[in-house]
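Please work through the exercises below with the sequence and the model side by side. Each one sets a task and is followed by a solution in steps.

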Amino acid sequence: MSRHGVRSLECCFRYAQPERENRPMKKPILFAALLLLLVGAGIVFVALNDPDSSPRVESPGSGNAAAALKDDTSGEKSATPEAAATAKMSELKDPAERKEHLAWIAKQEWARSNLPVFRTTIVSDPDEGVQIAAVETALELARKEGGNATSAVVRTSLASTKGNTRARGLKAARENPDPALVHDMMELVDNNDPYATMALNALAYSDSREAHAKILSVAEDENAAPKLRQRAVALLAVTKDRDAYQLLVDLSNGEDPALSKLAGEVLRVLNEG
């Protein structure tokens, strides 16, 4: 072989050698490319299925419509029949119309004795007749409701500055004895309220021992207002308190003509009973 041929073989061998060494590298490269494709496909899949990343299509003004719906709902809640009735009551100038409105309210299915329109009218209506009408209407509903509903109306009536309104509430307390009202009645007596005698009446017809003890205490009190003490002595015939017997004997023999006569009559009632 010539020298030129040997050189040619050497060149071929030299350039062929790296080619054989690089052939094994093709498999890792293909594997890496395949891995990148899989990762990319996974990212695309996640992106397509992510609700936050998907485009949102909203009709024009849809946000405002939702807000308006919310406002409408809240408006409906505030515009209750009770609120509308209260607003109407404040617009009526004629006392007769206000009474008619109270009667109309009482006939509604949503009517209750503790409606704000009744409480407000009982306490602050400028016309005493309208106040009393509100008391009567509320009491009628309270009787149907039962429980302490009547006592709640009585308490509201006591907050009025009109004498006849308070008197109607105290009459209801007498007609519907409730131990829950005992302290309210006692407070009127202790404060020498103008309607303290009516409060004593309510106490007498209560089953509360505390109420009966209060009546005996007033009957014994020489410093109590004469009319209040006389009413307390008379009510001992209702309470039939055994502890009052000696007091009645002493009063019947006392120097006060009015008390003496009254105590004697109470003793006869108790003896006959």
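The exercises go from the whole chain to its core, then to helix packing and single residues.

The model is a predicted one, in which local features need pLDDT of at least 70 and side-chain atom pairs count only at pLDDT 80 or more, while totals for chains, interfaces and linings use all residues. Residues are numbered from 1 along each chain as its sequence is written, and side-chain values use heavy atoms, with hydrogens and water left out.

**Exercise 1. Describe the chain as a whole.**

Solution. Begin with the secondary structure, taken as DSSP runs numbered from the N terminus, where helices are H or I with at least four residues and strands are E with at least two. The chain has 15 helices and 0 strands.

Next, consider burial, where buried means under 20% relative accessible area, exposed over 50% and partly exposed in between, with a 1.4 Å probe and protein chains only. Of the 273 residues, 33% count as buried. The chain exposes about 17800 Å², of which carbon and sulfur atoms supply 55%; accessible areas come from the Shrake-Rupley method with a 1.4 Å probe, and for residues only the protein chains shown count as cover.

Finally, turn to contacts, meaning heavy atoms within 4.5 Å. Among those between residues at least 6 apart in sequence, 55% join residues at least 24 apart.

**Exercise 2. Find the largest nonpolar core and follow one of its residues outward.**

Solution. A nonpolar core is a set of buried Ala, Val, Leu, Ile, Met, Phe, Trp, Tyr and Cys residues joined through side-chain atoms within 4.5 Å. The largest one has 58 residues, and those with the most contacts inside it are Phe118, Met185, Leu200, Leu203, Ile215 and Leu236. Helix 7 (residues 128-145) gives the most to this core, with 8 residues.

Now take Leu203, which, when neighbours within four places in sequence are left aside, is in contact with Val182, Met185, Met186, Val189, Ala211, His212, Lys214 and Ile215. Leu203 is among the buried residues of helix 11.

**Exercise 3. Decide whether helix 11 is mostly covered or mostly open, and show what it packs against.**

Solution. In helix 11 (residues 196-204), 7 of the 9 residues are buried, and the helix is mostly covered. The buried residues are Ala196, Ala199, Leu200, Asn201, Ala202, Leu203 and Ala204, and they pack against helix 9 (163-175), helix 10 (182-190), helix 12 and helix 13 (226-239).

For the pairing with helix 12, the axes come within 8 Å and cross at roughly 135 degrees, where axes are lines fitted to C-alpha atoms, for helices over the stretch in contact, and angles run from 0 to 180 degrees between N-to-C directions. That makes helix 11 oblique to helix 12, since angles under 35 degrees count as roughly parallel, over 145 as roughly antiparallel, 65 to 115 as roughly perpendicular and the rest as oblique. In this pair, Leu200, Leu203 and Ala204 in helix 11 meet Ala211, His212, Lys214, Ile215 and Val218 in helix 12.

**Exercise 4. Work out how helix 10 and helix 12 are oriented.**

Solution. Helix 10 and helix 12 pack at an angle of about 15 degrees, with their axes 10 Å apart. The two helices are therefore roughly parallel to each other. The contact is made by Val182, His183, Met186, Val189 and Asp190 of helix 10 and Glu210, Ala211, Lys214 and Val218 of helix 12.

**Exercise 5. Place Leu216 and Lys240 in the model and compare their exposure.**

Solution. Leu216 is found in helix 12 (residues 209-220), and is buried, with a relative accessible area of 9%. Not counting residues up to four places away in sequence, Leu216 touches Leu236, Asp241, Asp243, Ala244 and Leu247. One of these, Asp243, is 27 residues from Leu216 in sequence and 8.3 Å from it in space, C-alpha to C-alpha.

Lys240, by contrast, lies in the loop between helix 13 and helix 14 and is exposed, with a relative accessible area of 55%. Lys240 also has a positive phi of about 55 degrees, although it is not a glycine.

**Exercise 6. Describe the packing around Ser252.**

Solution. Ser252 lies in helix 14. Helix 14 (residues 245-252) packs with helix 15 (residues 257-272) at an angle of about 140 degrees, their axes being 7 Å apart, and that makes helix 14 oblique to helix 15. Leaving aside neighbours within four places in sequence, Ser252 is in contact with Ser260, Ala263, Gly264 and Leu267.
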